[in-house]
Amino acid sequence: MRHPCICVIGGTGFVGRHLLNRLSGAGYRTRVPTRHPHRYRHLRLVPGCELVQLDQWDEAGLADLMVGCDAVVYLLGILNEGGGRTFEQTHVGMVESTTRAALAAGIDRYLHMSALNADPAGPSEYLRSKGRGEAVALAAAEQGLAVTVFRPSVIFGPGDGLFNRFASLLRLLPGPFPLACADARFAPVYVGDVATAMLRTLQDPASRGQIYELCGPRTFALRDILIYTGSRIGRKVRVVALSDRLARLQARIFEKLPGKPFSTDNYLSLQIDSLCREDGLDRLGIVATDVDAVVPGYLG
């Protein structure tokens with residue numbers, strides 16, 4: 001019996017690693033392109049996962065890689081530009097190349113990771129580029145590609161850049177914590193639920209052409225996430241909410257630091273609450289996982 005093969009673009013990232021395990025458990029084979037296979041040797045331990053070195057990420061190279069696959073999942077995304085990577089290249093240009101390559105390889109199924117508030121007219125270049133990329137993916141449906149789009153709020157889980165990052169900052173910075181955009185609201189969604197949503201849409205023809213907003217069961221202000229993280233690592237946190245002027249100043253300073261922990265574009269993204277208008281997980285028959293069920297286990 002032939003097991004279906006899924007090409008996962010961005011499979012070496014946070015969501016990708018969880019998705020590969022979920023797909024493997026469901027009997028799928030996966031193919032993951034990367035420029036540096038030796039950095040991700042641990043993924044070879046996932047049953048059915050094939051790491052493929054790909055140096056030219058153009059339409060022709062991607063199409064060759066996809067031959068024999070049954071579907072493509074696109075997970076590439078960046079929160080800030082740097083290291084030669086731009087929002088336009090990652091969120092738009094690569095989507096164009098990937099969808100064209102999928103069609104050239106005879107694939108008719110494509111899952112696309114977007115973001116809540118993705119909009120070509122959004123307040124930040126991150127959200128605008130995500131909106132343009134989503135539009136490119138949906139336009140490919142006119143060429144015969146069955147597209148499903150996912151718009152998650154901030155994603156949490158083992159290895160995340162949310163609770164783990166705040167925990168690291170709290171351990172490094174004693175005293176009051178100056179926080180920009182402290183009242184910005186999120187509904188953190190568990191990475192395992194996101195992976196399950198993708199798996200279910202692969203198995204459900206009715207999901208073709210659909211857009212799913214993905215949120216967890218609880219709403220947190222950014223200050224609440226910081227305080228919650230402190231409670232998990234045994235530290236009482238005093239949050240100092242920065243004024244709008246100071247928040248902008250902090251963003252301008254932090255975007256010049258190594259790793260760019262906070263940027264002006266991040267600040268602009270936080271001007272819109274990351275909350276779902278409809279419950280995409282419920283539409284897929286998934287009960288959203290609460291942070292209490294997962295976060296204490298990896299923050300310790």
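This tour moves through the cysteines of a predicted model and then along one helix, naming at each stop what to select.

**The disulfide**

Start by selecting Cys215 and Cys276, which are joined by a disulfide with an S to S distance of 2.1 Å. The structure holds 1 disulfide, and if you look along the S-S bond of Cys215 and Cys276, the angle about that bond is 95 degrees and the link is right-handed. The pair ties together distant parts of the chain, its two members being 61 residues apart. To see this, colour the loop between β11 (211–214) and β12 (220–221), where Cys215 sits, and then the loop between α9 (264–269) and α10 (280–283), which carries Cys276.

With a surface switched on, is each partner buried or partly exposed? Cys215 has a relative accessibility of 10% and therefore counts as buried, whereas Cys276 is partly exposed, with a relative accessible area of 25%.

**Cys7 and its surroundings**

Next select Cys7, which lies in strand β1 (residues 5–9). Why is there no bond from Cys7 to another cysteine? The closest cysteine sulfur belongs to Cys69, and at 5.0 Å from the sulfur of Cys7 it is too far for a bond, since a disulfide calls for sulfur atoms within 2.5 Å.

Keep Cys7 selected and display its neighbours: beyond those within four places in sequence, Cys7 is in contact with Arg31, Pro33, Leu65, Met66, Cys69, Ala71, Val72 and Val73. Cys69, the residue holding the closest cysteine sulfur, is thus itself one of these contacts. Add Val32 to the view as well, because its C-alpha is 6.0 Å from that of Cys7 although the two residues are 25 apart in sequence. The relative accessibility of Cys7 is 0%, so Cys7 counts as buried.

**Cys181**

Move on to Cys181, whose closest cysteine sulfur is in Cys215, back at the disulfide; the separation is 19 Å, too far for a bond. Cys181 also counts as buried, with a relative accessibility of 14%.

**Helix α6**

Finish by selecting residues 191–203, the 13 residues of helix α6. At 1.5 Å a residue this helix should span 18 Å, and a distance drawn between its end C-alpha atoms gives 19 Å, which agrees.

How many residues of α6 are buried? The count is 11 of the 13, so the helix is largely enclosed by the rest of the structure. To follow this along α6, highlight the buried residues in turn: Val191, Gly192, Asp193, Val194, Ala195, Thr196, Ala197, Met198, Leu199, Thr201 and Leu202.

Notes:
Residues are numbered from 1 along each chain as its sequence is written. This is a predicted model: local features need pLDDT of at least 70, side-chain atom pairs count only at pLDDT 80 or more; totals for chains, interfaces and linings use all residues. Side-chain values use heavy atoms; hydrogens and water are left out. Helices (H or I, at least four residues) and strands (E, at least two) are DSSP runs, numbered from the N terminus. Buried means under 20% relative accessible area, exposed over 50%, partly exposed in between (1.4 Å probe, protein chains only). The expected span of a helix is 1.5 Å times one less than its number of residues. Contact means heavy atoms within 4.5 Å.
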